[in-house]
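Here are a few notes from going through this one. Have a look at the model before you read on.

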Amino acid sequence: MRKLRESSPFLIASLVFLLLLCSSHGALISSRILEQILVFGNNRTANYLTTEPYWFNQTLDHFSPYDHRKFSQRYYEFLDNFRSPDGPIFLKICGESECRGIANDYLSVLAKKFGAAVVSLEHRYYGKSTPFKSSATENLRYLSSKQALYDLAVFRQSYQKTLNAKLNRSHVENPWFVFGVSYPGALSAWFRVKFPHLTCGSLASSAVVLAVYNFTDFDRQVGASAGPECKAVLQEITQLVEQRLESDAKEVKLLFGASQLKNDGDFMYFLADAAAIAFQYGNPDILCGPVTKAKKAGEDLVEAYAKYVKEYYVNSFGAGVETYDQNHLKNTSLDGDTADRLWWFQVCTEVAYFQVAPSNDSVRSSKVDTRYHLDLCKNVFGKGVYPDVDATNIYYGGTNIAGSKIVFTNGSQDPWRHASKQTSSPEMPSYIISCHNCGHGTDLRGCPQSPLVLEGNARNCASPNAVQKVRQQIIESIDSWLSQCQPSGLPHPWKMPCV
């Protein structure tokens, strides 16, 4: 591991005024690929606290005493707020997409407040942290949440040793705190459960800790978040599209700019995701406004929805139609973005989250059913690949997770919240941020959740006070749990005034 860069507390004051737009990279944010946040301008470093990569020599298989192979894993560090030598270290978990840096969301505010260093490790197999030269199914055997958690643990220990060497000390532990949103939110919670001695606590934002085989609650929440009027229009649109598929599939797919989706299930999944994203990421009016207006005006609803899909979901939001093409998912080359295939492998082996249509009152098409998902897993990865959700939930606990010092947060409009822990306990508080556009990761991202706003500013949330109230609870938990990690008799560096 490379040596840490020099930092000075005198830099903090000047850096407070650096205003960076937070996001990460971007081809797709969809409900099937949980977290690939848009970056407008691709490599614009102003979108991040840092984009300077470092490399760590990681173990390929943590569970084998005989396999000693290694691979290079990318990570980032941001030390400008670090109150050396005893400040806390915030470990921000990267998830199921390329990790191009440390984005400037609300975590940067927390880092300033607590005088924390921020480090972020790219998830194995994603981005530049790939162990093999292809993503053939046989090469994906080491892609799992279990291996990823060990990656984080080994990295955390090595980084602490490197910091100690830099500070010319030994056997000293800085207080660590772990953060994550969505799948990384689940990893954050699971890390605290599996390695409680390595972190003072965890923030599990929109953490999908429950593996779900038939995730019908996802579609039900889309309908609830849409409201009765918009929901009814969306249901009518689904029915009309299905009718046009029967009469002229080529024409209707062309209308949506999705001619390459030969499989009708892939096409209907694409349309279902386009709707779900509006509620998941805090932009409900962008969808419901035009389609309900078209309904009242007696206009063609399918054309109105197609306009939304092409102009917003694809062009503005950045979703790629090819992401829904199973032929694309079968591509094992590492050229281009491989995250689609990689995440589907995790879906098809560990967590499922099959967003199937409920048996009645569904917004999405009934073509998006269990058989569609199982066929996709078989078609893309081969026979015998299917998600053992029971084993996953037994291993981690699902929503009955048995841990401590974990904060769970969810947005009221987010369909994913039904795979998260939504009930509080003294050791694991859970908060629902309720407002019209409070979705996935609102506590760290503000509103809308994509594209992210500077430092997760909540001013555009329908209820900024609801966001601030939960953020205050988070701050109090972090403060308390960090204090409990600090050796008795020593001052808490994050409570010291800024120089």
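**Notes on packing, cores and one glutamate**

1. The crossing of α10 and α11 is left-handed (the near helix is turned anticlockwise from the far one by less than a right angle). On the α10 side the contact (heavy atoms within 4.5 Å) uses Arg341, Trp344, Phe345 and Cys348, and α11 brings His373, Leu376, Cys377, Val380 and Phe381. By class that makes seven nonpolar, one polar and one charged residues.

2. Bear in mind that this is a predicted model, where local features need pLDDT of at least 70, side-chain atom pairs count only at pLDDT 80 or more, and totals for chains, interfaces and linings use all residues. Residues are numbered from 1 along each chain as its sequence is written, and side-chain values use heavy atoms, with hydrogens and water left out.

3. The largest nonpolar core (buried Ala, Val, Leu, Ile, Met, Phe, Trp, Tyr and Cys residues joined through side-chain atoms within 4.5 Å) has 115 residues, and Phe256, Phe267, Phe270 and Tyr305 have the most contacts inside it. Helix α6 (residues 264-280) gives the largest share, eleven residues. A second, separate core of 36 residues includes Phe78, Phe114, Val407 and Val470.

4. Beyond its neighbours within four places in sequence, Phe270 is in contact with residues including Phe256, Leu261, Tyr313 and Tyr324.

5. Is Glu455 buried or exposed? Glu455 is buried (under 20% relative accessible area, 1.4 Å probe, protein chains only), at 19%. Glu455 sits in the loop between α13 (442-445) and α14 (464-485). Not counting residues up to four places away in sequence, Glu455 touches Asn104, Asp105, Tyr106, Ser108, Val109 and Lys112.

How values were computed. Helices (H or I, at least four residues) and strands (E, at least two) are DSSP runs, numbered from the N terminus. Ala, Val, Leu, Ile, Met, Phe, Trp, Tyr, Cys and Pro count as nonpolar, Asp, Glu, Lys and Arg as charged, and the others, Gly among them, as polar. Buried means under 20% relative accessible area, exposed over 50%, partly exposed in between (1.4 Å probe, protein chains only).
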